[in-house]
Amino acid sequence: MLDFLQYGFLQRALASAVVIGFTCSVMGVFVVIQGLSFVGAGIAHGAFAGVALGLLLGFDPLIGAAVAAVLMALFIGYTKRQGKLNADASIGISFSFALALAVLFIGLMPGFNADLMSYLFGNLLAVDTSELWFSLGLGGIVLAVIALFFKEFQFITFDPVLAEASGLPVHLLFDGLLVLVSLAIVLSLRAAGELLVMAFLVIPAAIAWQWSTSLAPMIILSGLIGTVSAVVGLVISFYFDVPTGSSIVLLLVALFFVSSLLSTRSWRVPIRRGREGEGKSEEQ
Amino acid sequence: MIEFRGVWAGYGRTTVLTDVSFAVKEGEFTVFIGPNGSGKSTLLKTVLGLVPVLKGEVRVMGYTGHQVVKARELIGYLPQNSSMDLKYPATAFDVVLMGSYSRLGLLARPGRTEKAEALRRLEEVGLAQFASMPFGILSGGQRQRVLLARALMGDPKLLLLDEPTTALDVSAQSELIELITALNRDKGLTVVMVTHDVNLVVGRADKIGYLKKSLQAYGPPEKVLDSQLLSKVYETQVLVFEHDGEKRVVVGDHHA
């Protein structure tokens, strides 16, 4: 491990993996409990379109990514709220729209752009100091907002009807939550890439759900799973000379399967019961 | 406690309640019945100030107009629970504690006082031993009692219950109604409940209202429990008869 840490680029990669693994896995809890696992893909594709536009027009791709991701999050929140479409369909539409825009912008670029591809697949080992500080700063803001508004986010995600009756601005908070998810994606895009971000947004939270009966412990556990997997995956990729993103995702998937085998959660809350009222047969 | 005077209420261009007038006095147990889509839930939401009043006046604990929302702190509300995900990571204690959130205000966290009260409320509904159990694995009746405990947080003066017995088995329905009746009779809590099953509250309710967009009848059960009136409200044959000194209601073909 010591020889691993003697390289500056690996120190930065490790710090970046910790920030990204923790922040995305914490936000992933809200994504998973809201049944919006696909939202990460929708917003990440939006961010990717923003990156492509930034590279095409010559402004900072991360600014393009941030603006596009936030717009995408607000669009998903708006369509979900309208109730004309279910969230799945609205995410699917925004996903396709963003991807089409990204492909269009790429098509308008002269020649092959290697920088663009790095946002799709990421490269933890290529993170520079300014990118690390960017991730740390934005990650700190996202986590601070979650900590400050924990009780409000818990209330609106568990019982939006009573939360609204209690005077909480439910729609504003829900949009805020989606914006935080989009910021977590943006801070991770350069280092982790779109594909790894999606894994961080779903798998650690899905594992943590199997072992948690309360939201706060689930958030902490998910964050820890994401962090440890990111660090261990990075070390594995260094010693076995395999791609970092793949080793982290494969490790997470392996952990998920082991957890599913050991957890009794799925027996305790039958999936078919779903939402209250649908499970009349479950009455005891 | 509550007064509606010629109230029209609804969402956007859709009027749900038309010309509704009634008054609920402190300590009364009032029940509104009516078919699906008759405006029962909207009526409760109007009391909470969640549905705009298009015409008329709503007075809740002395507050009127936009001020009605100020009465929320004194109201315990048990909404229809279709919005809750049973797979959500929350214990019974977590759910009850959420009842303190609106009074705490933004950013403040529940402290010892709120946590102690949450445990006391769980005891009150007979579920103290289930405090650390996941909400989703409790039986339907237990879940409703947990939600009732949540509605009792902060010592409300008025309890609004939106079909609390829906999807419960007969014994769970009866237990829950006993609990609500005890809160009304022993603690003097004013209760306004909407339900489909009038038989559950006969002998307990002080007043019954039939809602079908407008209020078809409102008054003491002995005066308004009437076969002809109920048949008109539900647009099907309804028979009201006496059994063991209490009125009972049967819907449908009772000659079969």
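How much area do chain B and chain A bury between them? Keep that question in mind as you look through these close-ups of a predicted model.

**View 1. Chain B and chain A meet at a shared interface.** Here is the answer: the two chains bury about 3,800 Å² between them, and 58% of that area is on carbon and sulfur atoms. On the chain B side, B:K87, B:Y88 and B:P89 lose the most area to chain A; together these residues make up 20% of what that side buries. In terms of residues, 41 from chain B are in contact with 37 from chain A.

**View 2. A salt bridge links A:D159 and B:R150.** Look for the side chains of these two residues, which meet at 2.7 Å, N to O. The count between chain B and chain A is 1 salt bridge. There are also 13 residue pairs in polar contact across this interface, both residues of each pair having pLDDT 80 or more.

**View 3. Helices of chain B help form the side that touches chain A.** Welcome to α2 (92–97), α3 (101–104) and α5 (140–151) of chain B, each of which supplies at least two residues to this side. The most comes from α5(B), with 4 residues. By residue type, the side of chain B that touches chain A divides into 23 nonpolar, 10 polar and 8 charged.

**View 4. Chain A carries a nonpolar patch on the surface.** The patch is formed by A:L57, A:F59, A:I63, A:V67 and A:L71, which together have about 490 Å² of accessible area. Helix α4 (residues 61–82) of chain A provides the largest share of the patch, 3 residues. To get your bearings, find A:V67, which lies in helix α4 of chain A.

Notes
Residues are numbered from 1 along each chain as its sequence is written. Chains are lettered from A and ligands numbered from 1 in the order in which they are written. This is a predicted model: local features need pLDDT of at least 70, side-chain atom pairs count only at pLDDT 80 or more; totals for chains, interfaces and linings use all residues. Side-chain values use heavy atoms; hydrogens and water are left out. Contact means heavy atoms within 4.5 Å. Buried area is the accessible area (1.4 Å probe) that two parts lose on being put together, summed over both. A salt bridge is a side-chain nitrogen of Lys or Arg within 4 Å of a carboxyl oxygen of Asp or Glu. A polar contact is a pair of N or O atoms within 3.5 Å; within protein, one must be able to donate a hydrogen and the other to accept it, and residues adjacent in sequence count only if both atoms are side-chain atoms. Ala, Val, Leu, Ile, Met, Phe, Trp, Tyr, Cys and Pro count as nonpolar, Asp, Glu, Lys and Arg as charged, and the others, Gly among them, as polar. Patches are made of residues with over 30% relative accessible area and no salt bridge: like charges are joined within 9 Å, nonpolar side chains (Val, Leu, Ile, Met, Phe, Trp, Tyr) within 5 Å. Accessible areas come from the Shrake-Rupley method with a 1.4 Å probe; for residues, only the protein chains shown count as cover.
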